[in-house]
Amino acid sequence: MLRSLYFKIVLILLIFIVAVMAAVGAILLSGVTSFFMDDFAAQMTDCFSAESFLYRDLCDAAKGPNYAYDMKNVLSSYRNILGIDEYRNYYVLNLDGEMLYGSDTELGESLQLTPNLLSAISGSETNLRGGMDYADWAVRIPVEDSEDCVVYIKDSLDEMRQLNSVLFSIILQALLIGVLIAVLLSFFLAKSISSPLQSLTYDTQLVASGEFSHDIEVDSADEIGVLAENFNYMKERLRSTLDEVNGERQKLDTVLSGMRDAVVAFMADGTVLHSNRSAEELFGDELRENRLTLESCLEKLDLPLGPGEGGLSLTIPDGGEITRDGYIFHDRIAEGHVYDVGYAPLRLSPEEKQELGCVFIIHDVTGRYELDKSRREFVANVSHELNTPLTAIKGATETVRADPGMDPDMRDYFLDMVLSESDRMHRIVSDLLTLSRLDNNRTKWDIETFDMRAFVRHICEIMRPEIEAHRHRVTFGSDRSLPPITADRQRIEQVVINILSNSIKYTPDGGQIDIVLTHREKKTVVLVIRDNGVGIPEEDVEHLFERFYRVEKSRTQDAGGTGLGLAIARELVEAHGGTITIKSKLGEGTTVRIELPVECRLKTDKDRNDPLK
Ligand code: ADP
């Protein structure tokens, strides 16, 4: 209340009124006093000048024997001119200051010896102004044959004081009326000033709370009107700026949410400022529930960034690749994925040192990483697989050449070795070409319809020498109502021969191999080849279809395998729209199950990564 505009205006007006009235009163009162005194002095000077009638009459009266009495009579006759009344009196005094006669004998008995009276008694002409509470005038009159006497006029100033008190009460009344008018005026004035200010204040609060729809009504053209107009203009600018900012933010949000890269920005205090949908997928509930911090993000992405000296700034150790805006850290592994993580500090301008926060752009490179890895492994495998027979061929050739007189049996042994290693190389290259053609959709398919039972029997016939060499027992059973299938017979034969020869190879001599042919609702044909061979360790089973994967290199090398057979088998079966699965137990045996659709639709548009490219 005491700070309100209304109170201040009232107070100022009151102080103003009181000050004006006090000044006017003081001037008036002192004006009245000095006017009265000046008027008294001028009147007395006139009356008692040497040329005045009064002075001459007094001097004439002073010549007689009853000079004091005569002088009193002269003064009495001049009472109007002298202004004698109840406040002003005349006296005739001797030089001792004692009253001889006077208009008020009672007052005359107790006359004080004022400076004027004393100077008149002493013969001096000084007529000083009276004191604060009286005005007086004394004139020495020469008396013949006797002591001079003094004519003394004294005014008690009571009349002037009465006038002053009347004036004072008038001023007081005027002051009261003035105060009343000031209060009323200040009320209206304060209202006219404060009500637009109040509505301005209300509007600023609305704007602060984000409400821009309400405009201040501008009624006046004064400073407050201009202020209100400016405020409305400022509000419009603010609204359009905010709209622009929101629009930009919306665009940014749309771009960010459409990005496959995870983007997460942190403020200087380490809390999340912004993130996109991919970031939510990466950080999960931790981000959704606002629990993600800069520290936990760094930990999760295994980033070698440490808190710097001044607040957020992170210290970048060696390993980060410098980019235009910050750094990029390659191949960070988190949750089984591989990421390239871009880090950029957020600053108001590039020159600014102070960091407001930082942003991470997390690019999932798992696919590329895996592809690179498998390419590297593939090249290493191919080199290794070709190097082994080449070394043997080179060694055998050099030995034969070094000894022209070599024993013919010995030479045949080395030449056989060259032949068999060349065959092995040929098989590897031929398998690689098959895979390459499959990868590039360049395999030429020769589709025909055939009976699977006769087909399997035919393969058993082809493999008979091998089966008999290992003294394996082979059984074959099949559904009677097996439908014929339409497929590339040659390729399926390649698959079945590979599976069967694996069973023959990896089963100790005299083993048992069972072949079963069934169908599922005449839509697919299922071929199961089961052996009771060496089996495969559990941890190797899932890798069997990888190129060049072998369970135990030593045992399979002896068996003459390339490690590409099952990879080719899966590619061929899947190209026909079928599936191939392996179940195995170490020491107990292996079961391979191939399921092919009766009507094979061969894939022609395979979408796969090509490790050979
Ligand atoms: P390879 O030409 O070397 O036989 P495959 O791709 O056909 O290559 O087989 C991959 C590996 O799987 C083999 O090296 C072998 O260790 C294992 N394997 C395949 N079939 C069997 C089986 N029936 N019994 C045991 N091990 C097998």
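A search of the whole structure, which is a predicted model, identified 23 salt bridges. Three of these pairs are described below, together with the confidence of the prediction.

The average pLDDT of the chain is 86, and 93% of the residues reach a score of at least 70. A stretch of low confidence is found at residues 605-613, where pLDDT remains under 50. For this stretch, the model contains 19 contacts beyond four places in sequence.

Two of the salt bridges described here belong to helix H8, which spans residues 223-258. In one of them, the side chains of Arg239 and Glu236 come together with an N to O distance of 2.3 Å. Both residues lie in helix H8 and are three residues apart, a spacing of about one turn of the helix. With a relative accessible area of 27%, Arg239 is partly exposed. Its partner Glu236 is also partly exposed, at 35%. Neither residue is classed as buried, because that class requires a relative accessible area under 20%, whereas the values are 27% for Arg239 and 35% for Glu236.

The other pair in helix H8 is formed by Glu248 and Lys251, whose side chains meet in a salt bridge at 3.3 Å, N to O. Glu248 and Lys251 are likewise three residues apart in helix H8, so that about one helical turn separates them. The two partners fall into separate accessibility classes: Glu248 is partly exposed at 48% relative accessibility, while Lys251 is exposed at 51%. This assignment follows because the exposed class begins over 50%, a cut-off that lies between the value of 48% for Glu248 and that of 51% for Lys251.

A further salt bridge links the side chains of Arg288 and Asp285, with an N to O distance of 3.8 Å. This pair lies in helix H10, which comprises residues 285-288. Arg288 and Asp285 are three residues apart in this helix and are therefore separated by about one helical turn. Both side chains belong to partly exposed residues, with a relative accessibility of 46% for Arg288 and a relative accessible area of 44% for Asp285. The pair is also part of a network, in which salt bridges with shared partners join Glu280, Asp285 and Arg288.

Methods: Residues numbered from 1 in each chain as written. Predicted model: local features only at pLDDT ≥ 70, side-chain atom pairs only at ≥ 80, totals over all residues. Heavy atoms only, no water. pLDDT = per-residue confidence, 0-100. Contact = heavy atoms within 4.5 Å. Salt bridge = Lys/Arg side-chain N within 4 Å of Asp/Glu carboxyl O. Helix = DSSP H or I, 4+ residues; strand = E, 2+ residues; numbered from the N terminus. Buried < 20%, exposed > 50% of the residue type's maximum accessible area, 1.4 Å probe, protein only.
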